[in-house]
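Please open the structure in your viewer and keep the selection tool at hand. The tour below moves from one selection to the next and says what is found at each stop.

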Amino acid sequence: MAQDAIDKSVDTFPKFLLVNAKIRGDRPAIREKDLGIWQTWTWAQVKEEVKALALGLKELGVERGDKVAIIGSNKPRLYWSMAATQSIGGIPVPVYQDAVADEMSYVLQHAGAKIAIVENQEQVDKVLSISEQLPSITHLVYDEPRGLRDYDHTRLKWINEVQDIGRKAMETKYPGDAWEKMIAEGKGSDIAVILYTSGTTGKPKGVMLTYDSVVISSQNANSFDNLTEKEEVIAYLPMAWVGDHIFSYAQSYVAGYTVNCPESPETIIEDRREIGTSYAFAPPRVYENLLTLTMVRMEDAGRVKHAMFHYFLKHARKWGEKILNKEPVPLGARLLYWLGEILVYGPMKNRYGFTRVRVAYTAGEAIGPEIFRYYRSLGVNLKQLYGQTEASVYITAQPDGEIYADTVGKPSPDVEIKIEDNGEVLFRSPGVFAGYYKEPEKTAEAKTPDGWVKSGDAGFFDPKTGHLKIIDRAKDVGRLNDGTLFAPKYIENKLKFYPNIKEAVAFGDKRDYVTVMLNIDLVSVGSWAERNNVIYGSYQELAAHPRVYQMLSEHVDEVNKSLSEEGPMAGAQIKRFLILHKELDADDGELTRTQKVRRGFIADRYAPLAKGLYDGSKEVDITTDLTFEDGRKGTISARVKIEDTKTYAPAAPMDKAA
Amino acid sequence: MRAPDDTTIKAGQTLLSVENVSLSFGGVKAIRGVSFDIKKGEIRAIIGPNGAGKTSMLNVINGFYHPQEGQITFKGVKRKKMRPNDAANGGIARTFQNVALFRSMTTLDNIMAGRTLKMHSNFFWQLWRYGPAEREEIEHRHKVEEIIDFLEIEHIRRVPVGRLPYGLQKRVELGRALAMEPELLLLDEPMAGMNLEEKEDMCRYIIDVNNHFGTTIALIEHDMGVVMDLANRVIVLDYGQKIADGTPDEVKANKAVIDAYLGVAH
């Protein structure tokens, strides 16, 4: 799979840097918008900058195997710090810059960082505030000198000073090709980087990745999407996140493409537009925000523009994806689409900075099918992938022409996948991590001796497409009494993609069948009610309205139909549902502060309803305590209807995919 | 009248001194015989209850009001009457209590407007934006971009200021004042009407301006907590008279100040 003519001896990023400086020295390697102007460094210039920095760090005492923490937003000098550290045998440890001092202290202590290279005063202050707990840190290097003039500079150094030290050392201590020799000492099996997983539960773990893992994953990814040195990417996701490390550093060094650093976190949309990225990566919320922004702006647009926008959007929805997938499309539709491209799609893509985009990925969580299709219908080749830090990102990805809103794709090149009996996804690939730093027990828990890694996610191969679908965290997946797999989040997400449904809570673990409690979306259902002359006085009244029940019943029915076509999920169709008489609210403890439903708590709080769902009753009376927004307490009583729904026989027999 | 261009005043020396100044509007005595000095490089605060004469004092300093009595010495030059543009030429810039920006112009243009006094190419060249005018504009734009970077307002560079939230407008106004590269910066209630976070940000910028550019700052502020943290020295005015002058700690302990703020039983 590797790219043609890649020399096997080029197995670390500093070596790739030397190669790039030699064969494409004049091509742009990295840009940063500074004082309103894009500043560019070529590969040859980057090599010189990295060299000076590397020798400067060496003079500050970085030895082979030492850890160098890198803390800050995406800036050229921080990316250079990574290469510089690696070139002298050190191991970069990027740290989330928005971590509070305590979290940062844990990571820096655990990694035993010797030097911290940070972006600005904010980060310097943070590290200094915990410096007592960090005896291993000998120097603190900063990129942005502002506000730091009067600080005690015995252990504090400006990055330019460090480079000056390096340049001086170049003339005296390390003349000629001394640095290149240091680079040659590095080998593929060395640890390239330690990335701390943000750790939603428990302490963060330091994932060690070798050069071989990262390099091979990057090569595979580049050839999978035919990425060349001509790509432009924008680096704006946290440097400590494996995605950014691979997209904005590793793949760039391997393919030789250009990385662009935005002016500030607030200017990304504008900066992306100026650059016109050709390869993009973003979590779903970025695409969601762009779409919402568009829709809000279009509401304010004039009548003609408004009509034109919606007319062509409708056309795109019908034909856009087919054109993108190179399916046969009638000439008339093609011509109209071409007109739409000039009048609507083109300008839209320009706004988003997607004019030149060849491949765009979304990953991290489920993306709404509507949002996904919107971009694809405009002609943006948006695809999904599934990855983890422990895999150097790539586990599965969607190949061109095989795009589905609800799958994460086929195994990436060189990746093997198997599904355990409990639904957990296991993978094995050259990109698999070497272990958790200083935590062999945890490594043994996650990784079998023959190299299979437990992803912690449950999934299955879709019999129709042969693609992997991720359904839930493995530990949340339960079973019905008849042994059918029950993935609550998967069912809830399917329901929540309907705009009328704001929240859904699925029950079924150790039960005979699946039931759900629903929350209607007051904005969406409210506007429907207005249009259909449905009169209501309160949320509770609207939620109990027979026509609302009928509408949601149709949604549930559609979900059941789609579940029936999905192999292992077919047994977990929704038998009964109800619409809750109040909105689930974090103030009442029903949702977490990040808006995730707390199923156990909800089952207890609405115990009579939960019971009613399984004892066949048609109506249940309930009284619930609630907290108003101003903090007052009250109660709310209601008679809640429970409806039965139709279930479908499983469609296609389950395919043994992969 | 122009102040001498070669400023020989070093940090810590007196930059501006006000001697025995009195100002009245008809029968209303706004300021009565106030004297104080501002030293180069310091942050000097003027505080006092409502109607104490703080803004009047600031207006006297930048030549907007002319005191009936007393003398003002700026950079060693004594003067009695001075027009605001002389003050601007001499290196005094200010911001206003109620934001005074060009609302339909962008942030960039507003700050660029602060450079007007520094433009020297004549109208003809400017009309065509050619030759010296073009060179000059690039130079000034660079300076303006440095200020935009300094105040972290890159994201609103091209947004008309009328559309910005209040806190950001205040920051743009500070940017425009900084564009003059002033020696003395007068801030009239820079934190009025801001929420806590905006206040903290503004404090940071004021300290940074003082630190980074070495600009001497005189500010009027209501929020005592802010003043005490920010200022090197504080003057307290009440009913147009100076009732205290000293470091924040001294002023805090001053009996007259406590009475003025909390009121006394007469």
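Begin by selecting both chains of this predicted model, and look where they meet: ten residues of chain A are in contact with eleven residues of chain B. On the side of chain A that touches chain B, five of the residues are charged, four are polar and one is nonpolar.

Now stay in chain A and select strand S20, residues 453-461. Is this strand largely enclosed or left open by the rest of the structure? Seven of its nine residues are buried, so S20(A) is largely enclosed by the rest of the structure. Strands of a sheet pair through backbone hydrogen bonds, either parallel or antiparallel. Add strand S18 of chain A, residues 424-428, to the selection, and you will see that S18 and S20(A) pair in the antiparallel sense over three bridges, with A:Lys454 in S20(A) as the bridge partner of A:Leu426. Then add strand S21 of chain A, residues 468-473, which runs antiparallel to S20(A) and is joined to S20(A) by five bridges; here A:Asp472 in S21(A) stands opposite A:Ala458. S20(A) and S21(A) form a hairpin with six residues between them, and in the turn you can pick out A:Gly466, whose phi is positive, at about 75°.

Next, remaining in chain A, find A:Thr647 in the segment after strand S28 (633-644). Because A:Thr647 has 19 C-beta neighbours inside 10 Å, where 20 or more would make a residue buried, this threonine counts as partly exposed. Apart from neighbours within four places in sequence, A:Thr647 is in contact with A:Asn560, A:Gln573 and A:Lys575. If you also select A:Leu563, you have a residue that is 84 residues from A:Thr647 in sequence and 9.4 Å away in space, C-alpha to C-alpha.

Finally, turn to chain B, where six strands form an open sheet with mixed pairing, in the order S6-S7-S8-S3-S9-S10. Strands S6 (92-95) and S10 (241-246) of chain B stand at the edges with a single partner strand each, so one side of each has no neighbour in the sheet. From one strand to the next the twist averages 15°. Within the sheet, select S3 (residues 43-47) and S8 (residues 216-220) of chain B, which run parallel and are joined by four bridges; B:Leu219 in S8(B) is the bridge partner of B:Ala45. To end, show helix H10 of chain B, residues 255-262, which packs on the sheet, touching S9 and S10 of chain B, with its direction at about 125° to that of S10(B).

Conventions. Residues numbered from 1 in each chain as written. Chains lettered and ligands numbered in written order. Predicted model: local features only at pLDDT ≥ 70, side-chain atom pairs only at ≥ 80, totals over all residues. Buried ≥ 20, exposed ≤ 12 C-beta atoms within 10 Å, placed from the backbone. Helix = DSSP H or I, 4+ residues; strand = E, 2+ residues; numbered from the N terminus. Pairing = 2+ DSSP bridges. Contact = placed C-beta atoms within 7 Å. Nonpolar A, V, L, I, M, F, W, Y, C, P; charged D, E, K, R; others polar. Axes fitted to C-alpha atoms, helices over the stretch in contact; angles between N-to-C directions.
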